[in-house]
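Please look over the fold below before reading on. The report then goes through it part by part.

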Amino acid sequence: MPEPAPPPRNATDPSRAGRASALPYEEVTEPGYPSSYTAGLRIETTGDGAVLTGTCPRCHCTTVYTWTRSVVRAAPRAGRAGGAGRGVVPVPVLCVCMTEHPGRPGDEEGCGAYWNILLERERR
């Protein structure tokens, strides 16, 4: 007997924006969220971070998360060439989908899911 199909992902359906979902808002994380999120993740680097476009592993809505390395840019330290070099940067990510989730506080976005991923720094 074949396994049941997973719930449909909403990776390209912008019509969900502003629509209600039966999935309630809940601040929660699960061990599988990072790997689910990074499968198909699109990364656009910016001057001080990245724009991460992917599918929330909890509500399956498209979420566009903007991450910046710093809020206030500091002068480069000795031996640091503006953040260049190899390494991995831990990035906390939140679902910020446009879908309405019951019980979501007025000052929040998304379904409440959060997770951490690792981004490799670009060489310059």
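## Contacts and overall make-up

A contact here means heavy atoms within 4.5 Å. Counting contacts with a separation of 6 or more, 66% join residues 24 or more positions apart. This is a predicted model.

The protein has one helix and five strands. From the N terminus, the order of elements is α-β-β-β-β-β. The chain has 124 residues, and 33% of them count as buried. The exposed surface comes to about 8400 Å². Carbon and sulfur atoms supply 55% of that area.

## Confidence

The average pLDDT is 78. A score of at least 70 is reached by 69% of the residues. Among the elements, helix 1 (residues 33-38) has the highest mean, 96. Strand 4 (residues 88-94) has the lowest, 91.

Now the weak stretches. Residues 1-15 stay under 50 in pLDDT. The model gives this stretch 14 contacts beyond four places in sequence. Residues 72-85 are also below 50. Beyond near neighbours in sequence, residues 72-85 have eight contacts in the model. Where pLDDT is low, the predicted coordinates should not be read in detail.

## The three-stranded sheet

Three strands form an open sheet in the order 1-2-3, with antiparallel pairing. Which strands stand at the edges? Strand 1 (42-46) and strand 3 do. Each has a single partner strand, so one side of each lacks a neighbour in the sheet. From one strand to the next, the twist averages 15°.

Strand 1 and strand 2 are antiparallel and share five bridges. In this pairing, Glu44 stands opposite Val51 of strand 2. Strand 2 (residues 49-55) and strand 3 also run antiparallel, joined by seven bridges. Here Leu52 has Tyr65 of strand 3 as its bridge partner.

## Two faces of strand 3

In a regular strand the side chains alternate between the two faces of the sheet. Strand 3 (residues 62-68) shows such an alternation. Thr63, Tyr65 and Trp67 point to one face and are buried. Thr62, Val64, Thr66 and Thr68 point to the other face and are not buried.

## Thr53 in strand 2

Thr53 lies in strand 2. Is Thr53 buried or exposed? Its relative accessible area is 16%, and the cut-off for buried is under 20%, so Thr53 counts as buried.

What does Thr53 touch, leaving aside its neighbours within four places in sequence? Its contacts include Thr62, Thr63 and Val64. Tyr37, Gly40, Leu41 and Arg42 are also in contact with Thr53.

## The hairpin and His60

Strand 2 and strand 3 make a hairpin with six residues between the strands. His60 sits in this loop. Most residues other than glycine have a negative phi, and most peptide bonds are trans. His60 is not a glycine, yet its phi is positive, at about 65°. His60 is also buried, with a relative accessible area of 18%.

## Salt bridges

Side chains of opposite charge can pair when their charged atoms come close. How many salt bridges does a search of the whole structure find? The search finds two.

One joins the side chains of Glu26 and Arg58, at 3.7 Å from N to O. This pair links distant parts of the chain, 32 residues apart. Glu26 is in the segment before helix 1. Arg58 is in the loop between strand 2 and strand 3. Glu26 is partly exposed, at 43% relative accessible area. Arg58 is buried, at 14%.

Glu100 and Arg104 form a salt bridge too. Their closest N and O atoms are 3.2 Å apart. Glu100 has 39% relative accessibility and counts as partly exposed. Arg104 has 18% and counts as buried.

## The loop in summary

The loop between strand 2 and strand 3 brings several of these features together. Arg58 lies in it, and so does His60. Arg58 is buried, and His60 is buried. Arg58 meets Glu26 in a salt bridge, while His60 has the positive phi. The strands on either side of this loop are joined by seven bridges.

Definitions and conventions
Residues numbered from 1 in each chain as written. Predicted model: local features only at pLDDT ≥ 70, side-chain atom pairs only at ≥ 80, totals over all residues. Heavy atoms only, no water. pLDDT = per-residue confidence, 0-100. Helix = DSSP H or I, 4+ residues; strand = E, 2+ residues; numbered from the N terminus. Buried < 20%, exposed > 50% of the residue type's maximum accessible area, 1.4 Å probe, protein only. Pairing = 2+ DSSP bridges. Salt bridge = Lys/Arg side-chain N within 4 Å of Asp/Glu carboxyl O. Axes fitted to C-alpha atoms, helices over the stretch in contact; angles between N-to-C directions. Areas by Shrake-Rupley, 256 points an atom, 1.4 Å probe, with all protein chains shown as cover.
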